[in-house]
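Subject: Structure handover

Hello,

Here is the structure you were going to look at. My notes on it follow below.

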Amino acid sequence: MTRHFLTDLDLSPEELGRVLTLAAAMKAAPYAITPLAGPQTAAVYFDKTSTRTRISFAAGISALGGAPLIINPGESQLGHKESISDTAKVLERMVSLIIWRTYEQSGLEEMAAHSRVPVINALSDDYHPCQLVADLLTVREHLGELTGRSLAYLGDAANNMANSYLLAGVNAGMDVRIAGPEGYLPAEEIVSAARVRAAETGGSVTITTEASEALAGADVVATDTWISMGQEDEKEQRLQLFGDYRVDAAALAQAAEGAIVLHCLPAYREAEISAEVIDGPQSVVWDEAENRLHAQKALMAWLLVESGLADEETVA
Ligand code: CP
Ligand code: NVA
């Protein structure tokens, strides 16, 4: 059966642990595992702009022995001249992986439903699950065991990063606290799914409008842009809306001593995070960015093996 990675919960807790362990091994020996040797091609579609996702997938596919094919916004028939399902039926005959940054989650689901090769969500309006594999790898490197660790996310709590922190965090058995203003909190269905997974892993979920409730003693403090791609017209309103949820020195002082700070980048130092914090000693954002490469290499290799498209020994 083909395995896809469309949301954070597409990996079981045990599978997430295996992917993180593989990522750490691949980070230590970057060119030892080549499930895309041939080279096989992996298609990487972008409907939105990107720096980290584009480079990490391109570099990662090459390091796995494959050839990345980057398709920029507006460069293919997908989305205007050709349906998602017809595109999937063509691509699966030519490439070994389909990686797609897009708007609607339903588009990714449709692509996956018609593809025999793994489809990976490289960010949608609803989730950014690849980022969270990298983030959890980073937390593990800096703080060790994830289970029982607390993570506070502040800011736009209705966006893709908030949803992914919530789901991936509880999948790893973490105590996840999400804080944002009324009307900008995770959707009830996502909170419910997180609570179900938390019950299996020993994690927990707090959704609050109080930044200090989320921050109290937290081991990890995370935030994201207040203006996601596609929301540029709302910039002025959003800068006002999230002002109480800024990650600055006063906020960080409420977290645990030695707490680490995550931001998926790109960051706006005049908005969601202060320069003092993101450029300060508790920030691990550059490790986090680097870990996109290692996390996604592990994810791609693991999906190929689980889908029967690469031999187990290629990732052993
Ligand atoms: N964090 C992240 O996904 O960055 P890019 O938008 O640059 O890919
Ligand atoms: N929430 C941001 C994440 C960017 C990596 C966005 O969707 O633009």
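Two strands are taken as paired if DSSP finds at least two bridges between them. With that in place, Val176 stands opposite Val205 in E7. Please keep in mind throughout that this is a predicted model.

Strands E6 and E7

The pair in question is E6, residues 175-179, and E7, and the two strands run parallel over 5 bridges. Between them the chain passes through helix H7, residues 188-201, and the resulting β-α-β crossover from E6 to E7 is right-handed. Strand E7 covers residues 204-208 and has two distinct faces: Val205 and Ile207 are on the covered one, while Ser204, Thr206 and Thr208 are on the uncovered one. Val205, the residue opposite Val176, is thus listed on the covered face of E7.

Domains

The chain is split into domain 1, made of 8-127 + 292-314, and domain 2, made of 129-288. Their C-alpha centres are 25 Å apart. The contact between the domains draws 26 residues from domain 1 and 23 residues from domain 2. On the domain 1 side, at least two residues each come from helix H1 (13-28), strand E4 (119-121) and helix H12 (285-306). H1 gives the most to this side, with 6 residues. Sorted by class, the side of domain 1 that touches domain 2 has 15 nonpolar, 5 polar and 6 charged residues.

Ligands

Where does ligand 1 lie with respect to the two domains? Domain 1 and domain 2 both give residues to its shell, so ligand 1 lies between them. The shell consists of Ser50, Thr51, Arg52, Thr53, Leu123, Gln131, Cys264 and Leu265. Of these residues, 3 are nonpolar, 4 polar and 1 charged.

Around ligand 2 are Leu123, His128, Asn159, Asn160, Met161, Asp224, Thr225, Ser228, Met229 and Cys264. By class, this shell has 4 nonpolar, 5 polar and 1 charged residues. Leu123 and Cys264 appear in the shell of ligand 1 and also in that of ligand 2.

Backbone points to check

Most residues other than glycine have a negative phi, and most peptide bonds are trans. The following places depart from that pattern.

Leu123, from the shells of both ligands, has a positive phi, near 120°. Leu123 sits in the loop between E4 and helix H5 (129-143). Is Leu123 buried or exposed? Leu123 has 25 other C-beta atoms within 10 Å, and the cut-off for a buried residue is 20 or more, so Leu123 counts as buried.

Leu265, from the shell of ligand 1, also has a positive phi, of about 70°. Leu265 belongs to the loop between E9 and H11. With 16 C-beta neighbours inside 10 Å, Leu265 is classed as partly exposed. The peptide bond from Leu265 to Pro266 is cis, with omega about 5°. Pro266 is placed in the loop between strand E9 (260-263) and helix H11 (275-278).

A cis peptide bond is also found from Gly38 to Pro39, where omega is near -5°. Pro39 lies in the loop between H1 and strand E1 (41-46).

Two further loop residues

Pro73 is in the loop between strand E2 (67-71) and helix H3 (84-91). Pro73 has 14 other C-beta atoms within 10 Å and is therefore partly exposed. Setting aside residues up to four places away in sequence, Pro73 touches Phe46 and Asp47. Pro73 and Tyr103 are 30 residues apart along the chain, and their C-alpha atoms are separated by 12 Å.

His114 is in the loop between helix H4 (105-113) and E4. With 17 other C-beta atoms within 10 Å, His114 is partly exposed. Apart from its neighbours within four places in sequence, His114 is in contact with Ser85, Ala88 and Lys89. The C-alpha atoms of His114 and Glu189 are separated by 25 Å, with their positions 75 residues apart along the chain.

If you open one place in the model, I would suggest the loop that holds Leu265, where the positive phi and the cis bond to Pro266 can be viewed together.

Regards

Technical notes: Residues numbered from 1 in each chain as written. Chains lettered and ligands numbered in written order. Predicted model: local features only at pLDDT ≥ 70, side-chain atom pairs only at ≥ 80, totals over all residues. Near = placed C-beta within 6 Å. Nonpolar A, V, L, I, M, F, W, Y, C, P; charged D, E, K, R; others polar. Domains from an automatic or database assignment. Contact = placed C-beta atoms within 7 Å. Helix = DSSP H or I, 4+ residues; strand = E, 2+ residues; numbered from the N terminus. Buried ≥ 20, exposed ≤ 12 C-beta atoms within 10 Å, placed from the backbone. Right-handed = clockwise from strand over helix to strand, strands pointing away.
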